[in-house]
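Subject: A structure for you to look at

Hi,

Here is the structure I promised to pass on. Have it open while you read, and I'll go through what turned up.

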Amino acid sequence: MIRTDWTRAEIAALFDLPFTELVFRAAEIHRAHHAAGEVQLCTLLSIKTGGCPEDCGYCSQSAHHDTGLKAEKLMDVDAVLAAAAEAKAAGSQRFCMGAAWRNPKPRDMDAVCAMVEGVKAMGLETCMTLGMLAPEQAARLKAAGLDYYNHNIDTSPEHYARVATTRSFEDRLETLAHVRAAGINLCCGGIVGLGETRADRVGFIHALATQPRHPESVPVNALVPVPGTPLGDMLAGTPMAKIDDIEFVRTVAVARITMPMSMVRLSAGRESMSEATQALCFLAGANSIFTGDKLLTTGNRGDGADAALFAKLGLRALEGAEPMRAAACG
C-alpha cells in the first residue's frame, strides 16, 4: 500500500527502531517493489555554473559566498549533448542538467529545451534543475520531452530558514506543484548534515512522504562542507561537520519505507563515505547513484571506484528502463 498520510509520530517511530530492525524492514519493502541488486546510474552536469542570486548556506555557487568559484555563461547546446553522449557510453541511464539560477529567464528557454530534446533523442532519461519555475516554463519543458525536474526541499519546513533566506519553503512547494501540473516526474529530496536535529530529519521525510504523489526520485545528500559557505565554515572542524554514518543510513531506510516506489538516490557526499556505509545504504533501499568524478562543483567517487564497488557487492547497473511513471498515491 502506498501511503501519503504518514504522521510525524509514525516517522519518528521508524527512526527510533533498533538499527538492524529498521534496515531489515526497509530491505523487505525495497525487494517488494524493486530489483534488489540493480542500481540506476545517473550523470549530473552543471550547464551554468556560479553567480546564483540565492543564498543557500551550503552552496558553492551562490553569489553571496566567497568560494572562489567564478560565474560562467550557459553552456553551448552541442557541448551539453557531447557530455550526454559520454555519459551514455559510460553506462548512465539518466542525464541530469543543473543551472545556478533563481529561475530561468525567457531568453534561456530555447537553449534549455534544445538540450532536453537532444538528450532525449539519445535514449537517455532527461532531468533538469533550473530553480523555480513558472507554469508556462514547466509546460515548455514538458513539451520538449523532459522526464524529471529536480527541486529539492533541502530540509524540514522548520529548519529551512536557517539554510536559505532568499526564498521560502513554500516557494519550493509552489514549483513542485507547477512541475506536477505540467505532467513532469519529480526528483525531490534534500541534504542531511545541515546542523539539523533528528526532529528535522523526521520533518524532512514527512514533507516528502505526504506529498499528494511521492516524488519519483528522492536524492538523499550528505553535506559536503565547502569553505567560504556559511554552513561549510560553521561546521568545519566540529562534530557536525560529517553526519553520523548510522544516522545517514537511517534516513535512507526511512525514505525507502515511507516512499516504497521512489528511486532513492545516494547522492552528494559519497566521496567521503566508506564502502561499508554505501553498502548499508544499498541494503536499506538506495537504488540510484550519481556517477562520474564531479557533481556540479563538488567531487564524486568516479566511475572506476563505483565499478569496483559494484563488483565487490555484486550489484549491477539498471539498464533499459523507461522513465518511471508512478501511479497516483492514495
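One term before anything else: a helix here is a DSSP run of at least four residues marked H or I, and helices are numbered from the N terminus. With that in hand, you can place Arg201, which lies in helix H7. Please keep in mind that this is a predicted model.

**The whole protein**

The protein has eleven helices and twelve strands. Of its 330 residues, 57% are buried. The accessible surface adds up to about 13,100 Å², and carbon and sulfur atoms account for 57% of that surface. If you take contacts between residues at least 6 apart in sequence, 77% of them join residues at least 24 apart.

**Around strand E7**

Start with strand E7, residues 217-222. Six of its six residues are buried. Which residues sit on each side of E7? On one side you'll find Ser217, Pro219 and Asn221, and on the other Val218, Val220 and Ala222; all are buried, so both faces of the strand are covered.

E7 has strand partners too. Strand E6 (residues 190-192) runs parallel to E7, and three bridges join them. Look for Val192, whose bridge partner in E7 is Ala222. Strand E8 (residues 263-266) also pairs with E7 in the parallel sense, over four bridges. There, Ser217 stands opposite Met263 of E8.

If you trace the chain from E6 through helix H7 (residues 198-209) to E7, you follow a right-handed β-α-β unit.

In the loop between H7 and E7 you'll meet Glu216. Is Glu216 buried or exposed? Its relative accessibility is 1%, so Glu216 counts as buried. The side chain of Glu216 is joined to that of Arg213 by a polar contact of 2.8 Å.

**Arg201 and helix H9**

Back to Arg201 in H7. Arg201 has a relative accessibility of 9%, and the cut-off for buried is under 20%, so this residue counts as buried. Leaving aside neighbours within four places in sequence, Arg201 is in contact with Phe15, Val192, Glu196, Ile243, Glu247 and Thr251. With Glu247 there is a polar contact between the two side chains, at 2.9 Å.

Glu247 brings us to helix H9, as it is one of the buried residues there. H9 covers residues 245-258, and its 14 residues reach 20 Å from the first C-alpha to the last, close to the 20 Å expected at 1.5 Å a residue. Why call H9 largely enclosed by the rest of the structure? Because twelve of its 14 residues are buried. Among them are Phe248, Thr251, Ala255 and Ile257. At the start of H9, have a look at Asp244: one of its side-chain oxygens comes to within 3.1 Å of the backbone nitrogen of Ile246.

**Two residues to find on your own**

Met234 lies in helix H8, residues 230-235. Met234 has 49% relative accessibility; exposed would need over 50%, so Met234 counts as partly exposed. Met234 and Gly195 are 39 residues apart along the chain, and their C-alpha atoms are separated by 9.2 Å.

Then there is Asp154, in the loop between strand E4 (148-150) and helix H6 (169-182). What is phi for Asp154? The angle is near 75°, a positive value in a residue other than glycine. Asp154 counts as buried because its relative accessibility is 1%.

**Strand E1 and its partners**

Last stop: strand E1, residues 38-48. Ten of its eleven residues are buried, so you can think of E1 as mostly covered. Which strands pair with E1? Here is what I have:

- Strand E2 (residues 94-99) runs parallel to E1, with six bridges; Thr43 stands opposite Phe95 of E2.
- Strand E9 (residues 288-290) runs parallel to E1, with three bridges; Leu41 has Ile289 of E9 as its bridge partner.
- Strand E12 (residues 316-317) runs parallel to E1, with two bridges; Glu38 stands opposite Arg316 of E12.

That's the tour. Write back if you get stuck finding any of it.

Cheers

Methods: Residues are numbered from 1 along each chain as its sequence is written. This is a predicted model: local features need pLDDT of at least 70, side-chain atom pairs count only at pLDDT 80 or more; totals for chains, interfaces and linings use all residues. Side-chain values use heavy atoms; hydrogens and water are left out. Buried means under 20% relative accessible area, exposed over 50%, partly exposed in between (1.4 Å probe, protein chains only). Contact means heavy atoms within 4.5 Å. Accessible areas come from the Shrake-Rupley method with a 1.4 Å probe; for residues, only the protein chains shown count as cover. Two strands pair if DSSP finds at least two bridges between them. A crossover is right-handed if, with the strands pointing away from the viewer, the path from the first strand over the helix to the second runs clockwise. The expected span of a helix is 1.5 Å times one less than its number of residues. A polar contact is a pair of N or O atoms within 3.5 Å; within protein, one must be able to donate a hydrogen and the other to accept it, and residues adjacent in sequence count only if both atoms are side-chain atoms.
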